[in-house]
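Grab a pencil and work through these exercises with the structure open beside you. Try each task before you read its solution.

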Amino acid sequence: MTTFLTLIIILVLYIAIKGCIIVEQQEVVIIQRLGRYKETLTAGLNFIVPFFDEPKAIYKKITVNYRDGGSSSYMKKTTRIDLRETVCDFPRQSVITKDNVSISINAVLYFQIVNPEKAVYGVENLYEAIEKLTQTTLRQLIGKLELQETLTSRDKINTELRETIDSASDKWGVKVNRIELQDITPPLDIQSAMDKQMKAEREKRAMIYEAEGEKESSIRIAEGKKEAAIRQAEGEKESAILKAEGIAQARMVEAEAEKEAINRIIEALSSKGQADKYLIAMKYLETMKEMTSGQDNKIVYMPYEATAVLSSVDGIKEMLIGKKGA
């Protein structure tokens with residue numbers, strides 16, 4: 001009797017343990033009864049009927065990273081379906097561009113299961129299917145592009161790749177959030193040629209920039225010299241104008257002084273009628289001075305007519321002395 005009760009208690013405990021399933025947050029468990037889908041268990045404590053109900057397993061990719069930088073992946077069966085965003089790092093593969101260049105490329109895919117039922121029943125191995133779909137789609141897209149375009153159009157490739165994979169994987173209950181191309185490696189000979197081309201382009205741009213700099217410098221120097229010459233010419237012009245104005249004013253002042261002197265002399269001589277003789281004598285003496293002022297003029301003579309002029313001058317002198325004495 002005691003043995004029977006013990007067996008019953010053990011059976012009840014076994015059924016209770018098998019019938020209780022605790023699901024963690026952001027995880028679900030697919031339950032099928034006698035081989036058919038029954039329900040989806042969400043986070044918390046859930047109960048099922050043992051022997052009739054059982055969780056449906058799904059394959060999950062597990063990646064192991066080693067200390068030397070290497071890694072390895074394998075598939076593992078699990079009854080827990082993770083609803084969080086999952087990162088899939090695909091192995092490097094070789095693809096051929098439109099211009100028949102074989103390049104090595106690898107990608108990282110970020111996806112999320114949004115419909116667990118489709119993820120379990122829509123495909124046998126979800127992770128492997130996504131990986132193969134990504135690889136084939138990547139080959140098709142790269143095959144439409146040339147090498148240079150492939151290297152410079154990563155954003156375009158990422159966008160087209162994500163849209164294509166997301167559309168194709170919708171029947172598997174998967175949402176592809178984004179995809180990134182990690183590395184694109186061309187062959188060594190192509191890479192060497194590209195490096196030389198880039199170096200030549202950089203040298204060409206450097207020479208162009210240097211020539212443009214020298215051209216700009218020459219233009220600036222020429223403009224500076226032009227401006228300096230203009231300013232110098234304007235300065236010389238103003239200086240010459242001021243100098244000429246000064247000379248003119250000096251002559252005017254001198255002429256006014258001479259006029260005043262002559263007027264006074266004329267006034268003094270007008271009473272005796274000697275004004276005309278005085279003017280003729282002064283002009284005669286000025287002419288004589290000009291005739292003998294040159295270096296080559298060695299002739300010294302006194303014209304006959306000069307005696308009359310000098311006598312007039314003597315007369316003027318006596319007249320002025322007499323007027324002063326009076």
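**Exercise 1.** Find the bridge partner of Ile96 in strand 11, then work out how strand 10 and strand 11 pair.

*Solution.* Keep in mind that you're looking at a predicted model.
- Step 1: Start at Ile96 and look across to strand 11, where its bridge partner is Ser102.
- Step 2: Now take in the whole pairing. Strand 10 (residues 93-96) runs antiparallel to strand 11, and four bridges hold the pairing.
- Step 3: Follow the chain from one strand to the other. Five residues sit between them, and the two strands make a hairpin.
- Step 4: Check the backbone in the turn: Asn100 has a positive phi of about 60°.

**Exercise 2.** Which other strands pair with strand 11, and how many bridges join each of them to strand 11?

*Solution.*
- Step 1: Look at strand 9 (residues 86-89). Strand 9 is antiparallel to strand 11, with four bridges between them. To pin this pairing down, find Asp89, whose partner in strand 11 is Val108.
- Step 2: Turn to strand 12. Ten bridges link strand 11 and strand 12, again in the antiparallel sense. Here you can use Phe111, which has Val176 as its bridge partner in strand 12.
- Step 3: See how well strand 11 (residues 102-113) is covered. Ten of its twelve residues are buried.

**Exercise 3.** Where do the buried residues of helix 5 lie when you look down the helix axis?

*Solution.*
- Step 1: Get to know the helix. Helix 5 covers residues 154-168, which makes 15 residues. From first C-alpha to last, helix 5 reaches 21 Å, close to the 21 Å expected at 1.5 Å a residue.
- Step 2: List the buried residues of helix 5: Ile157, Asn158, Leu161, Ile165 and Asp166.
- Step 3: Look down the axis. These buried residues of helix 5 fall within an arc of 145°, so they line one face of the helix.
- Step 4: Now turn to the face pointing away from the buried side of helix 5. There you'll meet the exposed residues Asp155 and Ser167.
- Step 5: Ask what does the covering. The elements over the buried residues of helix 5 include helix 3 (126-143), helix 4 (147-152) and strand 12 (174-185).

**Exercise 4.** Is Thr134 buried or exposed, and which residues does Thr134 touch?

*Solution.*
- Step 1: Locate Thr134: you'll find it in helix 3.
- Step 2: Look up its accessibility. Thr134 has a relative accessible area of 1%, which makes Thr134 buried, as the cut-off for buried is under 20%.
- Step 3: Name the neighbours. Leaving out residues up to four places away in sequence, Thr134 touches Phe90, Leu109, Leu161, Ile165 and Ile179.
- Step 4: Compare with Exercise 3. Leu161 and Ile165 are among the buried residues of helix 5.

**Exercise 5.** Take three salt bridges, one each for Arg80, Asp166 and Arg220, and describe their partners and surroundings.

*Solution.* The count for the model comes to ten salt bridges, so there's plenty to pick from. Let's do these three.
- Step 1: Arg80 pairs with Glu27, and the closest N and O atoms are 4.0 Å apart. Arg80 lies in the loop between strand 7 (71-78) and strand 8 (81-82), while Glu27 is in strand 2 (residues 27-33), so the pair ties together parts that are 53 residues apart in sequence. Arg80 is partly exposed at 29% relative accessibility, whereas Glu27 is buried at 17%.
- Step 2: Asp166 has Lys175 as its salt-bridge partner, with 3.4 Å between the closest N and O atoms. Asp166 counts as buried at 16%, but Lys175 is partly exposed at 36%.
- Step 3: Arg220 meets Glu216 at 3.0 Å, N to O. Both sit in helix 6 (residues 188-269), four residues apart, and are separated by about one helical turn. Arg220 is exposed, at 54%, and Glu216 is partly exposed, at 36%.

**Exercise 6.** How many helices and strands does the protein have, and what percentage of its residues is buried?

*Solution.*
- Step 1: Count the elements: eight helices and twelve strands.
- Step 2: Check the burial. Of the 326 residues, 26% are buried.
- Step 3: Look at the outside. The protein exposes about 23,200 Å², with carbon and sulfur atoms supplying 56% of it.

Definitions and conventions: Residues numbered from 1 in each chain as written. Predicted model: local features only at pLDDT ≥ 70, side-chain atom pairs only at ≥ 80, totals over all residues. Heavy atoms only, no water. Expected span 1.5 Å × (residues − 1). Buried < 20%, exposed > 50% of the residue type's maximum accessible area, 1.4 Å probe, protein only. Arc of directions from axis to C-beta. Contact = heavy atoms within 4.5 Å. Pairing = 2+ DSSP bridges. Areas by Shrake-Rupley, 256 points an atom, 1.4 Å probe, with all protein chains shown as cover. Salt bridge = Lys/Arg side-chain N within 4 Å of Asp/Glu carboxyl O.
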